[in-house]
Amino acid sequence: MKIIILGAGQVGGTLAEHLAREENDITVVDTDGERLRELHTRLDIRTVVGPGSYPVVLRQAGCEDADMLIAVTSQDEVNMIACQVAHTLFRTPTKIARVRATAYLTRKGLFAHEAVPIDVLISPEQVVTDHIRRLIEHPGALQVLEFAGGLVQLVAVKAYYGGPLVGQDLGFLRRHMPSVDTRVAAIYRRNRPIIPRGDTVIEADDEVFFIAARRDIRAVMSELRRVDRDFRRVVIAGGGNIGERLAEHLEHSHQVKIIEHGLERCTVLSERLNRTVVLHGSATNKRLLEEENIEECDIFCALTNDDEVNIMSSMLAKRMGAKKVLTLINNAAYVDLVQGGEIDIAISPQQATIGSLLTHVRRGDIVNVHSLRRGAAEAIEAIAHGDTQSSKVVGRAIGEIDLPRGTTIGALVRGKEVLIAHDDVVVESGDHLILFVIDKRRIRDVERLFQVGLTFF
């Protein structure tokens with residue numbers, strides 16, 4: 001595909017890296033020539049210096065014959081105008097834009113073909129907020145992903161010493177929990193992927209990705225690790241868009257406090273939120289944390305826009321007795337450095353956002369994509385179409401499908417029914433299949449499985 005990306009920031013740069021690896025024709029546009037040079041030396045892409053909303057710049061980037069425009073600059077207005085220009089002058093088929101301001105997002109009918117012609121809206125703050133909310137709802141999980149409208153969840157947990165499954169093979173899980181149907185999609189041991197088989201033995205500290213119907217997730221988690229008690233007391237450091245949205249969602253079911261450095265912002269938050277306690281001060285202030293009884297906090301969420309403040313406040317809160325700490329980290333290089341020590345969960349906003357963008361780039365009927373393990377792996381939801389003659393999956397049992405190396409099918413959703421992907425389950429047209437791909441180089445092969453047509457052979 002020929003794709004133009006406007007904005008070479010963290011999301012644009014990470015997206016360009018993902019898509020360039022998959023042999024797409026990528027052009028990145030930005031006003032920062034230095035940043036573009038750095039990307040160009042690393043990746044096989046074209047770059048254009050200039051404002052992304054200018055017609056002459058879009059023409060220079062090749063918008064006349066582009067398949068897709070992805071506008072992810074830091075300015076909503078530039079992203080919106082760029083999509084309008086691409087639609088009006090160049091008839092670009094697919095236009096995706098990042099829009100942050102709720103003042104735009106809440107206006108019904110604004111983003112439509114006859115108004116501002118944006119096909120797909122991406123709101124990173126909402127994506128990250130939903131990601132954090134799911135982690136708070138599932139204490140003990142490192143990652144929680146939803147598929148098929150929430151009917152199925154893929155959850156990553158760390159197996160612990162003394163857990164009922166540690167030292168047991170995966171076949172034992174099925175015998176031990178006959179009433180709960182689940183499948184282990186992948187295991188990461190010392191950062192290396194293992195394709196799970198029935199005789200694979202779980203070791204302590206393994207990162208286990210398992211898939212199950214939403215209702216069964218808690219039961220499976222309890223087998224892999226101690227069940228953490230529900231989070232009730234939540235402290236949020238940073239009252240920006242993500243902090244505010246998270247507090248708004250949690251305040252009716254949890255005890256929530258926000259620590260915000262800016263006095264004006266504190267006033268705004270106290271007016272908008274009903275039950276949340278808003279505190280003016282710094283999250284790295286030890287005395288403030290003591291006064292607010294941080295040792296009674298179930299989860300401390302560091303969500304400011306400063307990585308160093310997030311890391312330092314999280315480490316301080318943990319040392320002072322917070323049960324769990326969750327830290328937002330923009331610099332992807334920091335994520336692996338800090339997670340697993342005093343910081344329980346490190347979240348990269350751009351990795352959380354990339355999945356929602358990749359969903360619209362994939363070929364075949366791909367309806368959901370989640371980027372995992374800092375982009376090394378992907379979880380994909382694809383819809384099977386056709387019949388036994390035109391499709392490589394329809395009418396075949398799971399065990400008969402010629403899956404690319406390093407790919408597993410975890411579950412199928414048929415209507416409202418969740419079927420865990422055992423070898424004898426036969427795929428029907430219209431089924432949603434949830435796949436785990438540990439080798440990104442195999443993505444094209446996975447897409448071809450779900451492409452239907454006369455070219456089938």
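**Talking through a predicted model**

Colleague: Which residues in α6 and α14 meet each other?
Modeller: Keep in mind that this is a predicted model. On the α14 side, the contact takes in Pro349, Ala352, Thr353 and Ser356. By class, the contact of the two helices has five nonpolar, two polar and no charged residues. Facing the α14 group from α6 are Pro124, Val127 and Val128.

Colleague: And how are α6 and α14 oriented to each other?
Modeller: Their axes come within 9 Å, with helix α6 covering residues 124–137 and helix α14 residues 349–358. They cross at roughly 105 degrees. Angles of 65 to 115 degrees count as roughly perpendicular, so α6 and α14 are roughly perpendicular.

Colleague: Is Pro349 buried or exposed?
Modeller: Pro349 sits in helix α14. Leaving aside neighbours within four places in sequence, it is in contact with Val128, Leu328, Ile329 and Asn330. Its relative accessibility is 11%, and the cut-off for buried is under 20%. So Pro349 counts as buried.

Colleague: Which strands are at the edges of the sheet?
Modeller: Six strands form an open sheet with parallel pairing, in the order β3-β2-β1-β4-β5-β6. An edge strand here pairs on one side only. That gives β3 (46–49) and β6 (120–122).

Colleague: Which residue stands opposite Lys2 in β2?
Modeller: Strand β1 (residues 2–6) pairs with strand β2 (residues 25–30) in the parallel sense, over five bridges. Within β2, the residue opposite Lys2 is Asp25.

Colleague: Which residue shares a salt bridge with Lys2?
Modeller: Lys2 is in strand β1, and the partner is in the loop between α3 (55–60) and β4, 63 residues apart. Lys2 itself counts as buried, at 18% relative accessibility. The side chains meet at 2.8 Å, N to O, and the partner is Asp65.

Colleague: Why does the salt bridge of Arg100 and Glu125 tie together separate parts of the sequence?
Modeller: The two side chains meet at 2.9 Å, N to O. Arg100 lies in the loop between β5 and α5 (102–105), while Glu125 lies in helix α6. The pair therefore ties together parts whose separation in sequence is 25 residues.

Colleague: What separates Arg35 and Glu38 in helix α2?
Modeller: Their side chains meet in a salt bridge at 2.5 Å, N to O. Arg35 counts as partly exposed at 24% relative accessibility, and Glu38 is partly exposed at 33%. Being three residues apart in helix α2 (residues 33–42), they are separated by about one helical turn.

Note on methods:
Residues numbered from 1 in each chain as written. Predicted model: local features only at pLDDT ≥ 70, side-chain atom pairs only at ≥ 80, totals over all residues. Heavy atoms only, no water. Axes fitted to C-alpha atoms, helices over the stretch in contact; angles between N-to-C directions. Helix = DSSP H or I, 4+ residues; strand = E, 2+ residues; numbered from the N terminus. Parallel < 35°, antiparallel > 145°, perpendicular 65-115°, else oblique. Contact = heavy atoms within 4.5 Å. Nonpolar A, V, L, I, M, F, W, Y, C, P; charged D, E, K, R; others polar. Pairing = 2+ DSSP bridges. Buried < 20%, exposed > 50% of the residue type's maximum accessible area, 1.4 Å probe, protein only. Salt bridge = Lys/Arg side-chain N within 4 Å of Asp/Glu carboxyl O.
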